[in-house]
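Subject: Structure for you to look at

Hello,

Here is the structure I said I would pass on. Please open it first, then read the notes below it.

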Amino acid sequence: ILFNVLKVLNNFHNFINYASSHLLLYYNLTTFKLFFSRIKTILLQGNSRMSNVDQNVKIIADEITTPENNNCNINTTTIISIIDKYGTNEDGQNKLIENNMNAENKTIDMENEKYSVSSLLWRDLYPQVLASCISLLMVIQPGIHLAYSNNMLHHMPSINKEQFSWITSISVLCTPVGAFFVGLVMDKIGRKNACFLTCLPLLASWTIVTISSTDNIYTCYVFRLLGGIGAGMTTVGLVYVSEISHSSYKQILLSLNSVFFSGGILLSTCLVDLKWNVINFSFVIFTIVNMALIIIYLPESPIWILKFKSSEHINKAKIAMKQIYPNDNQVFEAEWRRLKSASDNTSAPDVHQPSFFESIRSNPAAYKPMAILTVLLLLQQLTGAYSTISYALPILKSVVPAAYPPAIGIQSLAALGIVRFASGVLACVLSLRVGRKPLLMFSCVAMAMSSVLVAATHHSRDTTAVPWSLCGVMLYVFSSSVGVLVFPWTMICELLSTPVRAVGGCMLVSYAYLIMFATLKVFPYVLAAVSVPHVFLVFGAVSTSMAVYVHFIVPETLGKSFREIEDYFTRPSKPL
């Protein structure tokens, strides 16, 4: 009996399909087509596993009519409510047609969602996690170089204030050169080749300082110069991760940038007591291993291949995508269709693409995020978060009580590196669930409060049992690492649209490092002119200003795709 009922329903369903495609009553017939599809699905499920019907799945009308969806689980209440809505409409045929047109638009959105898997199993996720980690191993090097001035001060006690300020800041001065250079070449040679190219000046810098002595100050300048260029070129790692990562995990993978950067600071501060040549040679080996991993494992970015290569390279893009999703063919096909669909919606490589400056002049999705990030990065640098790390040793010596042994300064430096790393990991974990704005605002407010703690307790540090001023510095480093030191960099890749992401991102990074150079160069003179409490009061005021700016200006990017972020800037009335 069930078979005969199914046969009759199937014949009638085929008739409805035929009629709906040839008659003017298409939109009215769609209602009946939906109804009979539901009945047929229920009977099929009742014949097999009726107990497994999922009451939470909702499938819209046009998808139900396709043969591959005839066995899908459907919410009965939802279907009946749709039929009742269409059957009792008081506005007549025009309203009904409008409702069905809206349903067709939802079908298009559903098709995009259909080919985008919201969550992945670990076996499908780990290849892109591994690729992201390999590309971000380079980011350990800027962290090392940022804190390495403390190592040089410890091993070169005879240098004066002028030499120390140049050793600290010269690498930052050269960082924009590397960032701008890699921004020009990464679109031409590809993300993978740009990652390998980045390691070359880093390897040269560590090789030079390993074979030189601490007495040669000019060799140290060359070491810092090459290290700064290589550190600037590591921005290609962020671009690469933003392009290969799944949209549901993009935020946490980009936040790994802070973890690896913090790891570099941790290595630099914890190895400060080792011999000079041992420290430097270990970083030579580390750079060589990083280069080998890039060559052996790292796949090219499929987005770059589809965007900047001709249509003949589609198979190469597909192979690269397969390296990122090698285990589950269904996940691979879904992500490939999503990527291919997004690529097809953009202009072909041989069609004229607007230049960076043309986009900045005319496209709100280009100039609005550039303006927002320009102010955000300025406030980030003026909070003093980087100055506190680069000049950590003299700052810690000034806040440690006089009764403490001299070795406590070096131990406090290692503790600062541990705090920086732990807070970087915490920021990475929180970024998966908590938005950018809450974390940034918490970070700014906590920095302001810890700055006040340092300023209020500095003069009484020798009379109290608890070193509150030292605790304030540690809390300041922790607070800055949870948000201020992390998200302005990752938001460069999140907010900028594809046509301006490479050049615009590298320009913003260069701009930020130029400000960092100025702050690092003048900081020892400011520290000598005014006391530590006054410096931290200024840091607290800037942190408060940054919290206000983030609350009112900076958009949220958690869980948003590149398309949604671009739509926000082109249609500002639509909330993000």
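How do the residues of the lining of the largest cavity divide into nonpolar, polar and charged? The answer is 10 nonpolar, 4 polar and 1 charged. Keep in mind that this is a predicted model.

**Cavities**

A probe the size of a water molecule, rolled over the atoms, shows where empty space is left. Here the count comes to 3 cavities of 30 Å³ or more. The largest cavity has a volume of about 190 Å³. Its lining is made of 15 residues, and those closest to the centre are V139, N257, F261, W489 and Y513. Three elements give two or more residues to this lining: α11, α12 (250–270) and α25 (498–529). The largest share, 3 residues, comes from α12.

**Helix α12 and helix α21**

Two packed helices are described by the angle between their axes and the distance between the axes. For α12 and helix α21 (residues 408–430), the angle is about 170° and the axes are 8 Å apart. Angles over 145 degrees count as roughly antiparallel, so α12 is roughly antiparallel to α21. On the α12 side, the residues that make the contact include I252, L256, V259, F261 and L266. On the α21 side they include L413, I418, R420, F421 and V425. By class, this contact has 13 nonpolar, 7 polar and 1 charged residues. F261 thus turns up twice: among the residues closest to the centre of the largest cavity, and in the contact of α12 with α21.

**Helix α9 and helix α11**

Helix α11 (residues 235–244), which also appears in the cavity lining, packs with helix α9 (residues 191–211) at an angle of about 155°. Their axes are 9 Å apart. These two helices are therefore roughly antiparallel to each other, and their crossing is left-handed. From α9, the contact uses R191, A194, C195 and T198; from α11, it uses V236, V239, Y240 and E243. These residues divide into 5 nonpolar, 1 polar and 2 charged.

Regards

Technical notes:
Residues numbered from 1 in each chain as written. Predicted model: local features only at pLDDT ≥ 70, side-chain atom pairs only at ≥ 80, totals over all residues. Heavy atoms only, no water. Axes fitted to C-alpha atoms, helices over the stretch in contact; angles between N-to-C directions. Helix = DSSP H or I, 4+ residues; strand = E, 2+ residues; numbered from the N terminus. Parallel < 35°, antiparallel > 145°, perpendicular 65-115°, else oblique. Left-handed = near helix turned anticlockwise from the far one by under 90°. Contact = heavy atoms within 4.5 Å. Nonpolar A, V, L, I, M, F, W, Y, C, P; charged D, E, K, R; others polar. 1 Å grid on protein atoms, 1.4 Å probe; cavity = no way out; pocket = protein on both sides within 12 Å on 5 of 7 lines; lining within 4 Å. Points joined across faces, edges and corners; volume = space filled by probe spheres on them.
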